[in-house]
There are 2 protein chains.
Amino acid sequence: MASKLTSREADYSKWYNELVVQADLAQHSDVKGCMVIKPYGFAIWERMKAVLDEMFKETGHVNAYFPLFIPKSYFSKEASHVEGFAKECAVVTHYRLMNDPDGNGVVVDPSAKLEEELIVRPTSETIIWNTYKNWIQSYRDLPLLINQWANVVRWEMRTRLFLRTSEFLWQEGHTAHETSDEAVEEARRMLDVYADFAEQWMAMPVLKGVKSANERFAGALDTYCIEAMMQDGKALQAGTSHFLGQNFAKAFDVKFATRDGGQELVWATSWGVSTRLMGALIMTHSDDAGLVLPPKLAPIEVVLVPIYKGEEQMAEIVGALKGIADELKAAGLRVKVDDDDSKRSGWKFAEHELKGVPVRLAMGPRDLAGGTIEVARRDTQTKSVVEAAGITAHVKSLLDEIQQSLFDRAAQRTQETTTRVETWDEFNAALETGGFIEAHWDGTSETEELIKKETKATIRCIPLDAKDEPGACIRTGAPSKQRVVFARAY
Amino acid sequence: MASKLTSREADYSKWYNELVVQADLAQHSDVKGCMVIKPYGFAIWERMKAVLDEMFKETGHVNAYFPLFIPKSYFSKEASHVEGFAKECAVVTHYRLMNDPDGNGVVVDPSAKLEEELIVRPTSETIIWNTYKNWIQSYRDLPLLINQWANVVRWEMRTRLFLRTSEFLWQEGHTAHETSDEAVEEARRMLDVYADFAEQWMAMPVLKGVKSANERFAGALDTYCIEAMMQDGKALQAGTSHFLGQNFAKAFDVKFATRDGGQELVWATSWGVSTRLMGALIMTHSDDAGLVLPPKLAPIEVVLVPIYKGEEQMAEIVGALKGIADELKAAGLRVKVDDDDSKRSGWKFAEHELKGVPVRLAMGPRDLAGGTIEVARRDTQTKSVVEAAGITAHVKSLLDEIQQSLFDRAAQRTQETTTRVETWDEFNAALETGGFIEAHWDGTSETEELIKKETKATIRCIPLDAKDEPGACIRTGAPSKQRVVFARAY
């Protein structure tokens, strides 16, 4: 097992890095900026993926797969897209290696140079809209509701596991619609799907909002987002859904025959969440003892640990635990009996804590004799002894309780750290303590950039439920119609 | 809907290309060598993936994810691997674009040149064994049973949808073991998994065997394979499982503390199947009317088509069909009611035939009045009228029958086209008609290459169940211990 983690208070960032590695979630690879997602981390991502995929299908979407490579020229077709995306990216220039004439391994074959360089996709709007051109002729072909699960690459100099890596895994939905209203509705629907997933499955409360012009996706008319508050007072953008208007249809000449016999450009959305959600999950719930997982996403919901001396006791207790495990499995739970005889139970307790298993059941000889079992909750690190008979119902309701309790705890923290400020001094004071800051802003990009430059705080979003409320911009004093939400962010 | 397909007899290759596109399975993209997998094709691949993933997990494997990019130097570490793989590949040389100083879009930023080029993975042995080095210290860390679902790139000049594309999707298992025997056992176990999947799910009979030295994976001591026979008499390698010995452990210095306190190099396997299976599936069962899918892998097992005149009839019949559809769904079947009023029923019949839906149920006014329904089988293109009551049980048993019948038909074809030859003339005659050819071979790479050069036939495998049988090589007359299987192949 791993060494003790740095505490969150001592160094939140160090705590995070150590936790990700020690809990066997991911590690840096030798390839700069690329991570290895280890089996335990990948098992959590697989559960996220399965749930999201089902939610996408329930809302009428189908999956497809588009090429990894995008011709360089495609990026120049949508003017603002190229500014945002085509810069820091992996460029394929050659398609062959050859033996080094000097005998030192292999070298790039200079004769195998591509006529046009290929970009490893940083996002797929361009290649997909270039394909949609041939799929859409008439309003009868709409809406087109397609999602892709894929790897993407955005070259990063400073990387952090899950939060910012050059290669990451994600899904990207790309939909095509007859009308602007329909496209906006789709973008909002998928934002709701993301928010439901974050809250119901990740137990992570989120703020739904729309981005300011500065923070918009390159090529979008509106970017909707969900924002979550981490334990260290910094915000994390957990998912985005874009209303792209007719920008990509225009760039790739995608028109359709309308119901009244005309021709119109198609309306578009795109939306995505990525392995960044793993970072959000970790930073929302985990503690100094390690990972804390919401039961619904935990690869193992319940671990059963025998406490014994000698082989005879072991056989008896492991036998009893396996019986209980079978009962729990029959009730649909993900269960593991840790009967590894080469490890002490204390070691196992710490290991399963580190890995965030929500419930631990332990049984010793006295439990066996008395028909009891020890139940430990990972989230509160509390223990109780209960009757072994009826343990399944107890564990099931406990898992529900933990799921809800994690959400409530995170919601309370988010609420308690949210500050409403009226002045520049109050704003700066609030930034020191962290959390979301509700403040008036004059609505200009200039002021937004000035605030960012001076404080590193950005407008996380204009909440969808924001009320009209006249006020004065915290920085310029100019009139404002409503509050927006600021924070420092990941 | 699409135009009529070229017949298989007229031009098998053209038939295949047309079918893949017209049945909405895949299409070429504008990026040379890369395909777009369309939603209907992807739905079939998703089913394959789900079934295989479960089979891998049942045999003790877990999923993980390793980087897309591999440093160029890694390929030089395993001597034979570099010969086989590091040549035709996508090479990333730069990590940034910039605005063209001449104002023509974007160009590669010459200052953003990588110190060491990165190769887009053609297969991941090197990067994975470089990672395993840190994961394996002792026999307690073994076996390590990991699988990855990923995209890979092998540059191809002549491509065919699903069969040979520069980018394709696959899974690659990479396992590490204490002993040679265990690793061989693992490689054989996964070959059995592949064979079971091919036969039980794809309804595609396969030959299990081991490759000759010439056809081995670059870096393997033994390559096991499953080979299937297509309708045109050409073989298709549908999956491979490699016993890698200690080659990659040696190249990446992966040693473990043995049970008796020594140090040894780790033993390895790798195994993979890819979207190529889609091509195998198509070419095994489909006919001149389009795709034929085994029910177990069909995204839609049963389509229900109403036949009506006027809105009143439509409402009644669609209502009745929806009732039946609900019953079929409740029985666990994948079902679609095609109530699109803008298409004629004849058009729908042809469309669902083209897309290979195994069973079509059609109901007209007379059926509705008489309590009957028309049942059409896609595989035999036969129809019958049955009582609507009890249709669920009928359809369920029919789907089982179709699954079995597809396998039987393919097995019979494979068997009928397999020839046992004794002489060079017989061999050449058999090549003209196609199919597997069981022949004696003197066991030398020289003869194998000579035969390939003269006839384009290769040794598909030495069957695992081949009997010892002395004979004379068909090409050289030199002594042979057993027959091997030749064919021309995809």
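This note goes through the predicted model point by point, from its domains and chain contact to its sheets, core and backbone details.

1. Conventions. The model is predicted, so local features need pLDDT of at least 70 and side-chain atom pairs count only at pLDDT 80 or more, while totals for chains, interfaces and linings use all residues. Residues are numbered from 1 along each chain as its sequence is written, and chains are lettered from A and ligands numbered from 1 in the order in which they are written.

2. Domains of chain A. An automatic or database domain assignment supplies the bounds, and it divides chain A into domain 1 (12-68 + 128-285), domain 2 (300-404) and domain 3 (419-487). Between domain 1 and domain 2 of chain A, the contact takes 4 residues from each, where contact means C-beta atoms, placed from the backbone, within 7 Å. The C-alpha centres of these two domains of chain A lie 38 Å apart.

3. Contact between the chains. Chain A and chain B each give 51 residues to their contact. On the side of chain B, strand β5 (residues 88-99) supplies the largest share, 10 residues; strands here are DSSP runs of E of at least two residues, helices are runs of H or I of at least four, and both are numbered from the N terminus. That side of chain B divides into 32 nonpolar, 10 polar and 9 charged residues, with Ala, Val, Leu, Ile, Met, Phe, Trp, Tyr, Cys and Pro counted as nonpolar, Asp, Glu, Lys and Arg as charged, and the others, Gly among them, as polar. Strand β5 of chain A is joined to β5(B) by 5 bridges in an antiparallel arrangement, and Val92(A) has Val92(B) as its bridge partner.

4. An open sheet in chain B. Five strands follow the order β17-β16-β18-β19-β20 with mixed pairing, a pair requiring at least two DSSP bridges. Because β17 (335-337) and β20 (383-387) of chain B each have a single partner strand, one side of each is left without a neighbour in the sheet. Helix α8 (residues 310-330) of chain B lies across β16, β17 and β18, at about 165° to β16(B), whereas helix α11 (residues 391-417) of chain B lies across β16, β18, β19 and β20, at about 10° to β19(B). For these angles, axes are lines fitted to C-alpha atoms, for helices over the stretch in contact, and the angles run from 0 to 180 degrees between N-to-C directions.

5. Strand β9 of chain B. In β9 (residues 167-177) of chain B, 9 of the 11 residues are buried, that is, with 20 or more other C-beta atoms within 10 Å of their own (12 or fewer is exposed, in between is partly exposed, and C-beta atoms are placed from the backbone). This strand is antiparallel to β8(B), through 10 bridges, and to β15(B), through 8 bridges. Glu172(B) is the bridge partner of Gln148(B) and also pairs with Gly272(B).

6. Backbone details worth checking. A cis peptide bond joins Leu142(A) and Pro143(A), with omega about -5°, and Pro143(A) is placed in the loop between α4 and β8 of chain A. Leu142(B) and Pro143(B) are likewise joined by a cis peptide bond. Asp24(B) has a positive phi near 65° and is partly exposed, with 19 other C-beta atoms within 10 Å. Gln381(B), with phi near 55°, is exposed, with 11 such atoms, and is found in the loop between β19 and β20 of chain B.

Key
Contact = placed C-beta atoms within 7 Å.
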